[in-house]
Amino acid sequence: MLKTTAKFAIFTALSTLLLQTSLPAQARPTQPTQTKNAEAVYKKAKAELPEEWYVVYRITERIARANGQDTSPWRVVVVPEYQTNAFATDVNLIAIYSGIMDQLAGDSSALACVIAHEMGHHVKRHIAVGEAEKDRIRKEAEAEVMAEAEDARDDVEGNAVGGAILGTVGGILGGAVGAASNVGQSALEGASRQRVADAEERVQEIVKQKEQEMAETFRRQESEADEVGYTYMTRAGFDPEGCLRVMDVLGRTPGAEFDTSHPSVPKRVEQIKALMTQYPAQTLAQEGKTRLTGNPLSYSLSSDGMSLRINRRGGGSTADDIDRRFGQ
Ligand SMILES: [Zn+2]
């Protein structure tokens, strides 16, 4: 026979269980109880930051912690321009146009998807790799164009023909190809115009092909960033459908269908839906929950007042870090 205290314990456990199951869904707390410290930090942030900074701080610090991306600081700039866009430049710098913040006002999950997507570009090293890739493609184009110019030169015996051909593509790929183009058109006189025209056409084809290669690289990177965006924001506990709502806004933005640097919006929607099946939201959220039990990351205002720094785990003061390590 059970002792009275044991019986009471079972009764309490049972009634708690019954109470929980009978509570309507909205009455149950959806987030783990925050630490007293977290509450104080967020309250202070809300009081002292402009609203849009408070919003990006809360979102970024949460995504960073939930995904183990809190070992170095993030910086966020809200660019006061009306564009439906965001971009990632410099190390861990995220720039968001106030336009997109307006378009997504009231929907923290949608904005979280945008921020997580930009974090994805950093995590995947797209900025560094992207520049190197562009450089490689440009150099290849230059070499192929030079070879075409060489051929044409041999054919028409005009020394400046190569330069003239290069001139036709100057600026299209930018930089290196255009640099060899400053030879005058007058040298074309007496040359076989047909040969030159053929060579020019081939050069245009090379340029077109290289531009397509670049666009493909960009589109691949966008898909990768979309995948990181979805998984990161979901791990942080946001509503994954927020990513679809962003796509809805992008899809209705004028000019979206002419954008070749991103996959088309319907394709991105398709990919996000596939990711939702591949990485179920509940599993991701559970993974993030265990990482979100600690204290929030702190923030600092940049000295020029233009950006917000979301500090690494352990804080944003190097002086304090030295003091902690070695004493004052
Ligand atoms: Zn992107």
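Let's start at the metal: the zinc ion is held by H117 and H121, each through NE2, and by two OE atoms of E222, at 2.0 to 2.8 Å. Keep in mind that this is a predicted model. Look at how the donors are spread along the chain and you get the spacing H-x3-H-x100-E. The two histidines both sit in helix 5 (residues 108-123), and because they are 4 residues apart there, about one helical turn separates them. Both are tucked away, too: H117 is buried at 8% relative accessible area, and H121 is buried at 9%.

What about the geometry of the zinc site? The angles among its 4 donor atoms run from 50 to 135°, and the site is irregular. For reference, ideal angles are 109.5 degrees for four tetrahedral donors.

Now step back to the whole chain for a moment. There are 13 helices and 5 strands, and 38% of the 328 residues are buried. If you take contacts between residues at least 6 apart in sequence, 67% of them join residues at least 24 apart. One pair to look up is A149 and R202, which are 53 residues apart in sequence while their C-alpha atoms are 10.0 Å apart in space. A149 belongs to helix 6 (residues 126-156) and is buried, with just 1% relative accessible area.

Next, the inside. In soluble globular proteins, nonpolar side chains tend to be buried together. Here the largest nonpolar core has 51 residues, and the members that touch the most others are L49, Y57, I63, I96, L104, I115 and L308. Take L49 as a way in: leaving out residues up to four places away in sequence, L49 touches Y54, Y57, Y299, L301 and L308. Apart from that core lies another one of 5 residues, including V77, V79, L93 and Y97.

Strand 3 is a good place to see how these cores relate to the strands. 5 of the 5 residues of strand 3 (residues 93-97) are buried, so this strand is largely enclosed by the rest of the structure. L93, A95 and Y97 point one way from strand 3, while I94 and I96 point the other way. Two of these residues have already come up in the cores: I96 is among the residues that touch the most other members of the largest core, and Y97 is one of the residues in the 5-residue core.

Which strands pair with strand 3, and in what sense? Strand 1 (residues 74-79) pairs with strand 3 in the parallel sense over 5 bridges, and V79 stands opposite Y97. Strand 2 (residues 86-89) pairs with strand 3 in the antiparallel sense over 4 bridges, with A88 having I94 as its bridge partner. Strand 2 and strand 3 make a hairpin with 3 residues between them, and D90 in that turn has a positive phi of about 55°.

The hairpin turn is worth a second look for its backbone. Most residues other than glycine have a negative phi. N92, in the loop between strand 2 and strand 3, also has a positive phi, near 55°, and is buried at 12% relative accessible area. Another residue of this kind is R125, which is not a glycine but has a positive phi of about 60°. R125 is in the loop between helix 5 and helix 6, and at 54% relative accessibility it is exposed.

Just past strand 3 you run into S98, in helix 4 (residues 98-103). The S98 side chain reaches the backbone nitrogen of E81 at 3.3 Å. Leaving aside neighbours within four places in sequence, S98 is in contact with E52, V78, V79, P80 and E81. V79 is thus a residue to keep an eye on: besides touching S98, V79 stands opposite Y97 in strand 3.

Finally, go to helix 13 (residues 318-326). S317 caps its N-terminal end, with a side-chain oxygen 3.4 Å from the backbone nitrogen of A319. Just after helix 13 comes G327, with a positive phi of about 80°.

Technical notes: Residues numbered from 1 in each chain as written. Predicted model: local features only at pLDDT ≥ 70, side-chain atom pairs only at ≥ 80, totals over all residues. Heavy atoms only, no water. Polar contact = N/O pair within 3.5 Å; in protein donor to acceptor, adjacent residues only side chain to side chain. Donors = N, O, S within 2.8 Å, 3.2 Å for Na, K, Ca; no water. Tetrahedral: all angles 85-135°; square planar, octahedral: opposite > 155°, others 65-115°. Buried < 20%, exposed > 50% of the residue type's maximum accessible area, 1.4 Å probe, protein only. Core = buried A, V, L, I, M, F, W, Y, C linked by side-chain atoms within 4.5 Å. Contact = heavy atoms within 4.5 Å. Pairing = 2+ DSSP bridges.
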